[in-house]
Each structure stands twice: as C-alpha cells, then as structure tokens.
Amino acid sequence: MGVNGVESNKDKHKVKLFTLNSNWELASEIADILGYGLGKVNVSRFSDGEIQIHIEESVRDSDVFIIQSTSDPVNEHIMELLIMIDALKRASASQINVIIPYFGYARQDRLARPREPITAKLMANLLEKAGATRVLSIDLHTDQMQGFFDIPMEHLTGIPVLSQYFENKGLDNAVVVSPHHGSIRRARKLADLLDVPLALVDERAPEECGTETLSVIGHVKGKNAIIIDDMIDTGTTISHAAKALEVSGAKTIYACCTHPVFTGNVKEKIDWSPITELIVTNTIQMPKEKNIEKVKTISIAPLIADAIDRIHYEKAVSPLFE
C-alpha cells in the first residue's frame, strides 16, 4: 500500500505521519486535519504469510507518528506495528510516536487466575523493545496499564467526545448508567460532564443467569438512560443492562462506548435489545458486514490530531485529559 507523503518543516524535525492496515479511514481524517498527508509505506506478505515492510521515503531525523489500532485481526496488526517501528528505528527516525486508538490485549492486565500471563505488560515490553519512544492510546480497559510502560504513555479518553454528542442531542431528564461495577468511574465522568445523576446495573453473570438477576441501583423510571462502557465486544453486557433498565421503567435507552469491537452475534443482540441508539467512535474501522442500524459513529480524529500537534510542538497534553 502507498500514499503520497507531504512533509512539514515547521520545526527542527520534520513531521511524518504513517498508517498501516488497521484503520485507514481514521488515519486519513487525522492527516487531513493536520495537513501533513500520509507517508509512503509498502506492506506486503511473503508466500508463507510473513509480513514485509518497506518505507518508501526518508525518515531520518523526523518526528514520526504511526497510527495503528490493534484490532481484528489483532495479531496481524500487532506484528505490522512492531515491524514498522523496527524499520523506523533502523532508518534513523528521531522520535517514534505510536498512536494506538484501540489497544488490543488490554483486558489481560492482571493475573485473574494462577499460571496466567499478563499479556498487556508483554505488549508494553514489545513496543518499547521494538523502539517506540512514546505511546498514545484512548480509553484503555484499565488505567493501571499506563504503569506498564517505561516510556511516556499518553492515555486520552473519548468521554468528552461522547458527552458532546449527547449535549447536542438535548436530552432532558437524563441519567447515566454504568452497566457493571468496572465502568463506574467512566460513567461518573460522563454524568459530571452532562450534569445528570448516575445509576448502576448490578451485574451478576447475566450470560448464565439471565436479566432477572440484574438490579438497577438508582432512579431510572421515566428517565432517558445513557449506558456507557469502554468497549462493546459480544454485546451481552450492554443488551442485558438495557433490558434491566427497560424492566425498571426507563423511558428511552441510549448506549455509547469508545471501542466497537463487535464480535460474534453482536448485531442480533443490539437489534433485539431495547436500545434506541448506540453511539461509538471510530477507533476501530468496522467492515460493512458489521454495520448495525442502531449504531451511529462519531469521529475521534480531532482529539488525536490535537494530541499529535501538542506532542510535536512540546505543548502540554494534559488539557486533553480533562
């Protein structure tokens, strides 16, 4: 693959923006906002499937940003990224900033049972060893993953982007709902931004026990409920939470997340759920076959473009955390 490259000489180091195969649409939008263009890189395969990368322009002394979500196929996209980082390091790039909008393996961030790996930490080690000088990601599954890195790690959140959507929608009598205990902090942040109350679905293994084991803590009757989570994978948790809210008398049920992982029969679960609208961001490029009528995608590109600009010009990134 290859795209015409455009350089910027605004600083002592030229900016080079590259993408690989995971999310061309997002990378192109970021490039358009920044006005840099995407650098030329060719990704090919040997006959046995080995990945080969050739950077088709000079990156010497450049401030390089690579945009690559490690989404499905996860391992393919990870290997592309690691090989690209190594190629940039050997080509004498000054800085190798890795933008991973969706960070695969982030759910394996602790020992859930004896004799299990901490694969999220392994991912951090691999990125550093390959030659990354900085990593930026959005809404990691857990905040403690930041501590797995010994290089600068910028952890942004898509919650303000989602909040802006609901502000513009002008919902009255709203309540933000966490679909499980692990998403409480995320839900509280959205509730604070929207200045509305907070509720919680007390999840008790709905896959096994059914929605009758779910209880809603907080007042949702007659309200416009907004469920929020970091990601939606199979759709089981979000659809059961929506059903529990419907049983509890919620007027209208919306849902939102940063990462639309969308595996298995998620389409059927969302279609048959009482969710009116599901808002997601474009951290993951969804294939057409995964399109769901209730899903609306909003772009995270302006947030990432702002972060890239701040990093390159050595301005504070912290305002983007707020």
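**Helix 9, the parallel sheet and two contrasting side chains**

Just after helix 9, E314 takes a positive phi of about 55°. This value, like the others reported here, comes from a predicted model, and the helix that precedes E314 makes a convenient place to start. Helix 9 covers residues 301-312, 12 residues in all. From its first C-alpha to its last it reaches 16 Å, close to the 16 Å expected at 1.5 Å a residue.

Helix 9 is mostly covered, with 9 of its 12 residues buried. The buried set consists of A301, L303, I304, A305, A307, I308, R310, I311 and H312. Several elements contribute to this cover. Among them are five strands, namely strand 1 (15-19), strand 4 (63-67), strand 5 (95-100), strand 6 (134-138) and strand 7 (153-156), and also helix 1 (24-34).

These strands belong together. An open sheet is formed by 5 strands in the order 1-4-5-6-7, and the pairing is parallel. Strand 1 and strand 7 each have a single partner strand, so one side of each is left without a neighbour in the sheet and the two stand at its edges. On average, neighbouring strands of this sheet are turned by 15° against each other, direction ignored. Strands of a sheet pair through backbone hydrogen bonds, either parallel or antiparallel.

The pairing of strand 4 with strand 5 can be followed residue by residue. The two strands run parallel and are joined by 5 bridges. Within this pairing, V64 has I96 of strand 5 as its bridge partner, and F65 has N97 of strand 5. Strand 5 is itself mostly covered, since 5 of its 6 residues are buried. Helix 2 (residues 74-90) packs on the sheet, where it touches strand 1, strand 4 and strand 5. The direction of helix 2 makes about 165° with that of strand 5. Helix 1, for its part, lies across strand 1 and strand 4 and runs at about 160° to strand 1.

Part of this region carries an annotation. UniProt, in an unreviewed entry, places the feature "domain: Ribose-phosphate pyrophosphokinase N-terminal" at residues 15-131. In the model, the span 15-131 is 34% helix and 22% strand, and its end C-alpha atoms lie 18 Å apart.

Two residues show how differently side chains can be placed, beginning with R90 in helix 2. R90 has a relative accessible area of 66%, which is over 50%, and therefore counts as exposed. The side chain of R90 still has a partner, as a polar contact of 2.7 Å joins it to the side chain of D86. An α-helix has 3.6 residues a turn, so residues three or four places apart point the same way. The C-alpha atoms of R90 and A27 are separated by 23 Å, the two residues being 63 residues apart along the chain.

H259, found in strand 12 (residues 252-260), offers the opposite case. Its relative accessibility is 1%, under the 20% limit, so H259 counts as buried. The side chain of H259 reaches the backbone oxygen of D139 at 3.1 Å. Leaving aside its neighbours within four places in sequence, H259 is in contact with P101, Y102, I138, D139, D230, M231, I232, T283 and I284. D139 thus appears both as a contact of H259 and as the residue whose backbone oxygen the H259 side chain reaches.

Terms used:
Residues are numbered from 1 along each chain as its sequence is written. This is a predicted model: local features need pLDDT of at least 70, side-chain atom pairs count only at pLDDT 80 or more; totals for chains, interfaces and linings use all residues. Side-chain values use heavy atoms; hydrogens and water are left out. Helices (H or I, at least four residues) and strands (E, at least two) are DSSP runs, numbered from the N terminus. The expected span of a helix is 1.5 Å times one less than its number of residues. Buried means under 20% relative accessible area, exposed over 50%, partly exposed in between (1.4 Å probe, protein chains only). Contact means heavy atoms within 4.5 Å. A polar contact is a pair of N or O atoms within 3.5 Å; within protein, one must be able to donate a hydrogen and the other to accept it, and residues adjacent in sequence count only if both atoms are side-chain atoms. UniProt positions are given in the numbering used here, feature names are shortened, and annotations may be inferred rather than shown by experiment. Two strands pair if DSSP finds at least two bridges between them. Axes are lines fitted to C-alpha atoms, for helices over the stretch in contact, and angles run from 0 to 180 degrees between N-to-C directions.
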